[in-house]
Amino acid sequence: RQGDAEPRRSGNENGNGNPPSATGTPQSAIRLVEVVTPRRNETTPAAVETMLQALSRLPQPFSLEILGEPQAVRFLVRAPKAHMPAILGQIEAAYGYSLVETRDYGDRDPGQVRDGETAAQADLVLRGAPYLPIKTWRDEDWEASSPVLGILGSLQGLQEGERVLVQ
């Protein structure tokens with residue numbers, strides 16, 4: 001239903017409770033990287049837009065994710081290993097002095113449902129036409145109107161044992 005988000009229980013799509021790779025790429029060929037940028041930075045909306053335009057030209061899908069846990073909020077990139085250098089290069093070009101820290105999540109991938117866990121999922125669909133902008137901004141009010149601020153705010157106050165992954 002357009003404009004609605006319905007939580008769903010995660011199914012057992014591939015026998016272990018975890019969805020198959022959306023890219024069709026074997027999970028062993030996917031890399032998960034944490035990107036650490038300075039808390040305050042001077043990156044403009046135009047730089048982020050240019051970065052996303054360049055990334056949209058990659059031949060395979062990738063995911064920019066925000067992981068919320070009780071102790072931290074992290075920015076992650078999930079992509080085929082072969083495309084990770086190009087993605088990280090675009091992020092570094094947009095954010096300039098960012099520090100890209102790689103982390104091997106292995107069995108602790110936050111996107112995988114572990115034994116004893118329950119998962120809920122929601123798909124959000126645009127109400128308007130897909131070519132319309134989700135949000136517009138002016139350079140002078142970018143910091144106050146960043147669409148990411150609402151997502152980050154919703155990840156505050158998570159309880160022990162909870163985690164949220166936003167793609």
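## A short tour of the fold, its helix pair and one loop

Let's begin in a loop: Thr118 sits between strand 5 (99–101) and strand 6 (120–121). This is a predicted model, and its protein chain holds four helices and seven strands. Below you will find the overall picture, the confidence of the prediction, the pairing of helix 1 with helix 2, and a closer look at that loop.

**Overall architecture**

- Reading from the N terminus, the order of elements in the protein chain is β-β-α-β-β-α-β-β-α-α-β.
- The protein chain has 167 residues, and 26% of them count as buried.
- Among contacts in the protein chain with a separation of 6 or more, 76% join residues 24 or more positions apart.
- The protein chain exposes an accessible surface of about 11,400 Å², and carbon and sulfur atoms contribute 51% of that surface.

**Where to trust the model**

- Mean pLDDT for the protein chain is 77, with 72% of the residues at 70 or more.
- Strand 3 (residues 63–69) has the highest confidence, at a mean of 93, while strand 1 (residues 8–9) has the lowest, at 40.
- Residues 1–20 have a pLDDT below 50, yet in the model this stretch has 39 contacts beyond near neighbours in sequence.
- A friendly caution applies here: predicted coordinates should not be read in detail where pLDDT is low.

**Helix 1 and helix 2**

- A pair of packed helices is described by the distance and the angle between the two axes.
- For helix 1 (residues 45–55) and helix 2 (residues 84–95), the axes come within 9 Å and the crossing angle is roughly 165°.
- Angles over 145 degrees count as roughly antiparallel, so helix 1 and helix 2 are roughly antiparallel to each other.
- The crossing of helix 1 past helix 2 is right-handed.
- On the helix 1 side, the contact is made by Ala47, Val48, Met51, Ala54 and Leu55; helix 2 contributes Ile87, Gln90, Ile91, Ala94 and Tyr95.

**Back to the loop: Thr118 and Ala119**

- Thr118 has a relative accessible area of 62% and is therefore exposed, as the cut-off for exposed is over 50%.
- Ala119 also lies in the loop between strand 5 and strand 6, and at 21% relative accessibility Ala119 counts as partly exposed.
- From Thr118 to Glu162 the sequence separation is 44 residues, and the C-alpha to C-alpha distance is 10.0 Å.
- Ala119 and Arg163 are likewise 44 residues apart in sequence, with 9.8 Å between their C-alpha atoms.

Definitions and conventions:
Residues are numbered from 1 along each chain as its sequence is written. This is a predicted model: local features need pLDDT of at least 70, side-chain atom pairs count only at pLDDT 80 or more; totals for chains, interfaces and linings use all residues. Side-chain values use heavy atoms; hydrogens and water are left out. Helices (H or I, at least four residues) and strands (E, at least two) are DSSP runs, numbered from the N terminus. Buried means under 20% relative accessible area, exposed over 50%, partly exposed in between (1.4 Å probe, protein chains only). Contact means heavy atoms within 4.5 Å. Accessible areas come from the Shrake-Rupley method with a 1.4 Å probe; for residues, only the protein chains shown count as cover. pLDDT is the predictor's confidence in each residue, from 0 to 100. Axes are lines fitted to C-alpha atoms, for helices over the stretch in contact, and angles run from 0 to 180 degrees between N-to-C directions. Angles under 35 degrees count as roughly parallel, over 145 as roughly antiparallel, 65 to 115 as roughly perpendicular and the rest as oblique. A crossing is left-handed if the near helix is turned anticlockwise from the far one by less than a right angle, and right-handed if clockwise.
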